[in-house]
Amino acid sequence: MENFKDIDFSDVLTHEPELERHLDAACKDQVVFEANSEDKDKPKLDIDYERFIVANNLPKVEEAKFDKLVGVIKKVFTELIAAPLSVEMPYGKDKKTQGFAFLEFRSPDEAKIAASAGHGAKIGGVLTCVSFADHDRILQISDKYDEPELYPKTALKEWLMDGRSRDQFLCRFEDGIRTYWHDSIEKQPPAANDGSQMLAETPDLARCPAIWSTQGTYLMVLHKLGVNVFGGNELKKVTSFDHAGVTFASMDPTETYIVTLNEAPEAVEGEGEQKRQQSRIVVWDLTTGEILRKFEAEEGENSYSCKWSPDGKYLARQRKDLVSVFELPSMDMLTDPQTKEKSSIKMKGIDSMEWSPVENVLAIVSNNENALKSSTVAASRLTLLALPTRKTLSTKNLFSSGNQIYWQMNG
């Protein structure tokens, strides 16, 4: 008996020779069973890194300042989305951290939002944050330069060459989005694009808001992690912008810049209480994808809060009792000609604003809080301001409330 060499079975096997074969078979089955049991009890290595992100451009510190830096990192990400579960920063030969950290979050979705929200945050320098999967993909990119596919303006505007000068319109279906030619002769509008390229690039496309750019060159599709921009006859993806929870996007009249807003981002559950990613307004360069400026959205700011001037040179942002006007591409606030300082336009009770469609004149309606006390007091006031000079062109008292601004097409 090979499996039990220390036990003498000779007397038994002399009388029962068939017993040896049965005992050998039973012993082999028992050994296999025990081996399989041991394998099942062994701990498995967790190789899922979707809950991790890599934060670069951190300060390089010695061991004495390690805990302090970890505290700053946790504080910054707590304000953005949620505190990381762990922060790992390796040391180099100089006994200092190496300027990057691995941050662990509670779920892959929380990690994706943290990477997007943390990108551009300041901890000593300006952080660049990517998910661990993206970091691994970046490291595997070949050093060989491949010429990128360019989308010249002529290719993006091929639809203007239609022989019958037709416009296109968009329809949403259960399985996606399609575009059609607006044809007054045909009983059924001819298809312009089946939307297959958009569907391939955007999961759950049918539920994603889609917005045409100002001149109709691009189609912006908003999904939960950002904005995909499509163009050309086949509506191929031209570029994309990472902005988690985005609810609004708008291009300037020249189709050079884009502003995105996550007006009401979804709450992400954390331990003890719900952490919420702060609403954020981001202004981008459409061609390069560079972030020109971003703001933490204040209470009450929505898709009507940011508006482009007709020439695309300025972006006006409405807040409580303030209108801030920024100049492109620097996104610096306009200077007040009187004080020579960069400042917002202050006006009590600002309700709405609209740019003239033909010149840089801003119409602002402000409500009078004293109007309810007396019928002889104007309910609101309309003010026309020329920019960048801030010269008041006209004012008019309005005795009815709930006024809306509508410019005539020629201003």
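**Exercise 1.** Leaving aside its neighbours within four places in sequence, which residues is Arg390 in contact with? Then decide whether Arg390 is buried or exposed.

*Solution.* This is a predicted model.
- Step 1: locate the residue. Arg390 sits in the loop that runs between β27 (380–386) and β28 (391–398).
- Step 2: list the contacts. With neighbours within four places in sequence set aside, Arg390 touches Leu334, Thr335, Asp336, Pro337, Ser343, Ser344, Ile345 and Leu385.
- Step 3: look at one of these residues again. A polar atom of the Arg390 side chain lies 3.0 Å from the backbone oxygen of Leu334.
- Step 4: judge the exposure. The relative accessible area of Arg390 is 15%, and buried means under 20%, so Arg390 counts as buried.

**Exercise 2.** In the open sheet of four strands, find the order of the strands and state which strands stand at the edges.

*Solution.*
- Step 1: read the order. The strands follow one another as β14-β15-β18-β19, and their pairing is antiparallel.
- Step 2: find the edges. β14 (248–251) and β19 (291–296) each have a single partner strand, so one side of each lacks a neighbour in the sheet.
- Step 3: add the twist, which averages 15 degrees from one strand to the next.
- Step 4: examine one pair. Strand β18 (residues 280–285) is joined to β19 by five bridges, and the two run antiparallel. Arg280 stands opposite Glu296 in β19.

**Exercise 3.** Describe how β7 and β8 are paired and connected.

*Solution.*
- Step 1: β7 (residues 168–173) and β8 (residues 176–181) pair over six bridges in the antiparallel sense.
- Step 2: the connection from β7 to β8 is a hairpin through two residues.
- Step 3: for one facing pair, take Phe169, which stands opposite Tyr180 in β8.

Conventions
Residues are numbered from 1 along each chain as its sequence is written. This is a predicted model: local features need pLDDT of at least 70, side-chain atom pairs count only at pLDDT 80 or more; totals for chains, interfaces and linings use all residues. Side-chain values use heavy atoms; hydrogens and water are left out. Two strands pair if DSSP finds at least two bridges between them. Axes are lines fitted to C-alpha atoms, for helices over the stretch in contact, and angles run from 0 to 180 degrees between N-to-C directions. Buried means under 20% relative accessible area, exposed over 50%, partly exposed in between (1.4 Å probe, protein chains only). A polar contact is a pair of N or O atoms within 3.5 Å; within protein, one must be able to donate a hydrogen and the other to accept it, and residues adjacent in sequence count only if both atoms are side-chain atoms. Contact means heavy atoms within 4.5 Å.
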